[in-house]
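Colleague: I am new to this structure and would like a friendly tour. Could you show it to me, and then I will ask as we go?

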Amino acid sequence: MAHTSNLHLAEQLSDDGLCLISGVVPDDLTARLRDLAQRKLHSETPAHLQRYAHHGSLIPVRLEDDPHADLLTSPALQDAFRLLGFTDPRWISGYVITKPPRSPGLWWHQDWWAWDHELSFAARPPQIFCMLYLQPTRKENGALRAVPGSHRTWHPLHSALPEPHTVTIENQPQDTVSHLPVPDEITIEADPGDLVIGDVRVLHATHPNGTDTARTAVDLLFAPHFQDLPEEFRAHYVRQFCLPEAGWWRQPGHPLRGTRVSRVLPTYDGPDHPPVPYRRLPRRR
Ligand SMILES: O=C(O)CCC(=O)C(=O)O
């Protein structure tokens, strides 16, 4: 993906559904993220890493995992979000994703989960991913692939793909539609310090990791315009399992109250809502 001038990044995220901002995370923070990834990986069994070879092992990240809170409040991340026009970015969840040596590519999918709701068709992203690759990531070692524009425009893959994050798609061979190249795809090659920011509705996949070295990244999910979300989504997001237990903001003396990082966490004090119905299969308007 071509590196773009800052002025065009917000436009690119809006038009293509993703963008790359190069060299924003300082080296010392990236080094601490590498340490975090290693600690997380050492706590997993080889069987787990093998089981999630396609996707890459998804190991949850929480606030107490140094340097996660420092990253969330860092000028690097906050300036990037401002540049992209995010009006109220709140962190929802995060994972260390490691693709083992010689592992297959990840299937084509998108990560939006509420396709029955009108919000699915909004111009602004309801949720974004922010990938920080911890080593130079190229086609050879499992770089991201994406179909620009597919976050808002119907694509033949939308009708052809099995539901994401299911055993069915997990079992699709590499020579099926779930993995095969499509004419309009791009590869996003990234370096440590870069941010790859995408609308979760965009179709994406990865190349296989054909090298002898694991390919590791930290994937953070945010609601970029949290205060403008319908109540039922705000009520949903505060209950995500990577976050401190919902209601912490109401507890007198809670250690998070008044901290810098608390401003990046979702809170909600409105009426209760039934859960937003899950629908991972995309739908046309
Ligand atoms: O590992 C990657 O580069 C992409 C991961 C991904 O697509 C996802 O977690 O949805």
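Colleague: Which residues are around the ligand?

Modeller: Keep in mind that this is a predicted model. By class, the shell around the ligand has five nonpolar, three polar and two charged residues. The residues themselves are G56, I97, L106, D111, M131, L144, H204, T206, A217 and D219.

Colleague: Which strands each supply at least two residues of that shell around the ligand?

Modeller: The shell includes H204 and T206, and also A217 and D219. Residues 204-206 form one strand and 215-223 another, and each of these supplies at least two residues of the shell. The strands you want are β8 and β9.

Colleague: Let's begin with β8. What is the order of the strands in the open sheet of three strands?

Modeller: β5, which spans residues 144-146, pairs with β8 in the antiparallel sense over three bridges. Within that pair, A146 stands opposite H204 of β8, and H204 is also one of the residues around the ligand. The pairing in this open sheet is antiparallel, and the order is β6-β5-β8.

Colleague: Which strands stand at the edges there, and why is one side of each left without a neighbour in the sheet?

Modeller: The order of the three strands is β6-β5-β8. A single partner strand is what each edge strand has, so one side of it is left without a neighbour in the sheet. From one strand to the next, the twist averages 30°. The edge strands are β6 (186-188) and β8.

Colleague: Now for β9. What is the order of the open sheet of six strands?

Modeller: β9 pairs with β3 (residues 90-99) in the antiparallel sense over nine bridges. β9 also pairs with β4 (residues 128-133), again antiparallel, over six bridges. On the other hand, β3 pairs with β2 over four antiparallel bridges. The order of the open sheet is β1-β7-β4-β9-β3-β2.

Colleague: And which strands are at the edges of that one?

Modeller: Here too, each edge strand has a single partner strand, so one side of each is left without a neighbour in the sheet. The twist averages 25° from one strand to the next. The edge strands are β1 and β2 (57-60).

Colleague: Which helix packs on this sheet?

Modeller: The helix in question touches β2, β3, β4 and β9. Its direction makes about 70° with that of β3. It spans residues 27-42 and is helix α2.

Colleague: Which residue of β9 stands opposite M131?

Modeller: M131 is among the residues around the ligand. The pairing of β4 with β9 runs over six bridges. Another bridge partner in β9 is L221, which belongs to F129. For M131, the residue opposite is D219.

Colleague: How many of the residues of β3 are buried?

Modeller: Several residues of β3 have partners you can look up: S93 stands opposite L221 in β9, and G94 has L220 as its bridge partner in β9. I59 stands opposite V96 in β3. β9 is mostly covered, with seven of its nine residues buried. β3 is mostly covered too, and the count of buried residues is nine of its 10.

Colleague: Let's look at a helix. Why are the buried residues of α5 on the same side of it?

Modeller: In α5 (residues 75-83), L77, A80 and F81 are buried. They lie on the same side of α5 because the arc they cover around the axis is only 100°. What covers them includes β1 (18-21), α4 (68-73) and β7 (195-199).

Colleague: Which residue with a positive phi follows α5?

Modeller: α5 spans residues 75-83. The phi of the residue that follows is near 80°. That residue is G85.

Colleague: Is Y237 buried or exposed?

Modeller: You will find Y237 in helix α8 (residues 231-237). Not counting residues up to four places away in sequence, Y237 touches I92, A223 and P266. With 26 C-beta neighbours inside 10 Å, Y237 counts as buried.

Colleague: And is Q227 buried or exposed?

Modeller: Q227 sits in the loop between β9 and α8. Its C-alpha is 31 Å from that of L134, a residue 93 places away in sequence. With 10 other C-beta atoms within 10 Å, Q227 is exposed.

Notes
Residues numbered from 1 in each chain as written. Predicted model: local features only at pLDDT ≥ 70, side-chain atom pairs only at ≥ 80, totals over all residues. Near = placed C-beta within 6 Å. Nonpolar A, V, L, I, M, F, W, Y, C, P; charged D, E, K, R; others polar. Pairing = 2+ DSSP bridges. Axes fitted to C-alpha atoms, helices over the stretch in contact; angles between N-to-C directions. Buried ≥ 20, exposed ≤ 12 C-beta atoms within 10 Å, placed from the backbone. Arc of directions from axis to C-beta. Contact = placed C-beta atoms within 7 Å.
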